[in-house]
Structures are given as C-alpha cells and as structure tokens.
Amino acid sequence: MASAAYSTIKLFAGSSHPELAHLVAKRLRIPLARASIIQPPSGETKITITESVRDYDVYILNTGAGEVNTHLMELCIMIHACKIASAKKITAVIPHFMYARQDKKDKSRAPITAKLVANMLREAGCDHVITMDLHASQIQGFFDVPVDNYTPNPP
C-alpha cells in the first residue's frame, strides 16, 4: 500500500537499472509504475505508458550505464509520453549522467555533448533532473530546469 505522503507520485523504470528502481519504490512504499519498453528488430525504441499519469508527479529512473544511447532515448521517450499524458511534473532521475565527460570543447569542431543531452531532456518535457556526482559542476549550468546533483560524500 502506498504511503499517503507519496500518493501523488509515480515512479517509472527504464531498462538501464530496473533493480535500483524496484529498491527505490520499495523504500518509498509505492508500486513501481507500469510501462512497456520494446526494442523491435528495427532498433527503434517503443514505449507505452500503461497507466494514467494525469496530475501526478512522475519520476523516471534511467541511468547512463551499459547501452547509453538506448537508455537516453528510452528516457526521452518516456518523458515525452508522460508530458503528453498530462503529468503534473516530470523528474528524470539519472544516477550516472549520460555523456557527462563530454562537458567542454577539447578540440575545434568538437561538440559539447553533455549540453546536447540537457537540451534533449528539456525538449522532451523534463521539469527537473536528479543526478549524482557529475563529472563537472558546470554541467548544471547546461540545463534550463532545476538540477539536484548529489554527491556520495559530504563536501
């Protein structure tokens, strides 16, 4: 049974780390929200949110480990799906931020890919980002939405 304090929260898990999402849901005493994530042979990602998110605060946990590009697209698609389904607020929980080490131009014509990822999340409809131990604190400035960067050790 969901705790009353968390009754307006839905927590979704991408495929990067479902075990972590289950542990977080258990800790919060809420059920993990349901979504279907399919990777057909075409290589495209197909996501269906299988429950209502209207007027809920939605948290989507997906991290930058393993198949980084796949997990980034999953996250963006899930954010967008929740946005167009009238979620009240969408928070991306990204323990290991994708492309965090590509935070500056180290050569001419080199992209700042961490900024691109920040833009992708915003354009998808993300309202807030929670991450851990960013490679460089300047990455927080790449976002036009609030970012909470938690460190494993106190400063």
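**Strand 4 and its partners**

In which sense do strand 4 and strand 5 pair, and over how many bridges? In this predicted model, strand 4 and strand 5, the latter spanning residues 89-94, pair in the parallel sense over five bridges. One of the residues involved is Leu-61, whose bridge partner in strand 5 is Val-93. Strand 4 also pairs with strand 1, again in the parallel sense and over five bridges. Here Lys-10 has Val-58 of strand 4 as its bridge partner.

Strand 4 comprises residues 57-61, and four of these five residues are buried, so the strand is largely enclosed by the rest of the structure. Strand 4 further belongs to a right-handed β-α-β unit, together with helix 2 (residues 68-84) and strand 5.

**Ser-16 in a loop**

Ser-16 is found in the loop that runs between strand 1 (9-13) and helix 1 (18-28). Is Ser-16 buried or exposed? Its relative accessible area is 15%; the limit for a buried residue is under 20%, and Ser-16 therefore counts as buried.

The side chain of Ser-16 is joined to that of Asn-62 by a polar contact of 2.7 Å. When neighbours within four places in sequence are left aside, Ser-16 is in contact with Asn-62, Thr-63, His-71 and Glu-74.

**Cys-76 in helix 2**

Cys-76 is located in helix 2, the helix of the β-α-β unit described above. With a relative accessibility of 9%, Cys-76 counts as buried.

Which residues does Cys-76 touch, apart from those up to four places away in sequence? They are Met-120, Leu-121 and Ala-124. In addition, the C-alpha atoms of Cys-76 and Gly-125 are separated by 8.2 Å, although these two residues are 49 residues apart along the chain.

**An aromatic pair**

The structure holds one aromatic pair. It is formed by Phe-97 and Phe-143 in an edge-to-face arrangement, with 5.7 Å from centre to centre and 70° between the planes. The pair links distant parts of the chain, as its two members are 46 residues apart. Phe-97 lies in the loop between strand 5 and helix 3 (113-124), whereas Phe-143 lies in the loop between strand 6 (128-132) and strand 7 (147-150). Both Phe-97 and Phe-143 are buried.

**Two residues with positive phi**

Asp-55 is not a glycine, yet its phi is positive, near 65°. Asp-55 belongs to the loop between strand 3 (46-49) and strand 4. Its relative accessibility is 56%; because a residue over 50% is classed as exposed, Asp-55 counts as exposed.

Tyr-99 likewise has a positive phi, of about 60°, although it is not a glycine. The place of Tyr-99 is the loop between strand 5 and helix 3, the loop that also holds Phe-97. Tyr-99 has a relative accessible area of 26% and is partly exposed.

**The annotated domain**

According to an unreviewed UniProt entry, residues 9-125 are covered by the annotation "domain: Ribose-phosphate pyrophosphokinase N-terminal". How far apart do the end C-alpha atoms of residues 9-125 lie? They lie 17 Å apart, and the span is 34% helix and 21% strand.

Technical notes: Residues numbered from 1 in each chain as written. Predicted model: local features only at pLDDT ≥ 70, side-chain atom pairs only at ≥ 80, totals over all residues. Heavy atoms only, no water. Helix = DSSP H or I, 4+ residues; strand = E, 2+ residues; numbered from the N terminus. Buried < 20%, exposed > 50% of the residue type's maximum accessible area, 1.4 Å probe, protein only. Polar contact = N/O pair within 3.5 Å; in protein donor to acceptor, adjacent residues only side chain to side chain. Contact = heavy atoms within 4.5 Å. Pairing = 2+ DSSP bridges. Right-handed = clockwise from strand over helix to strand, strands pointing away. UniProt positions renumbered as here; feature names shortened; annotations may be inferred. Phe/Tyr/Trp six-rings, centres within 6.5 Å; stacked < 30°, edge-to-face > 60°.
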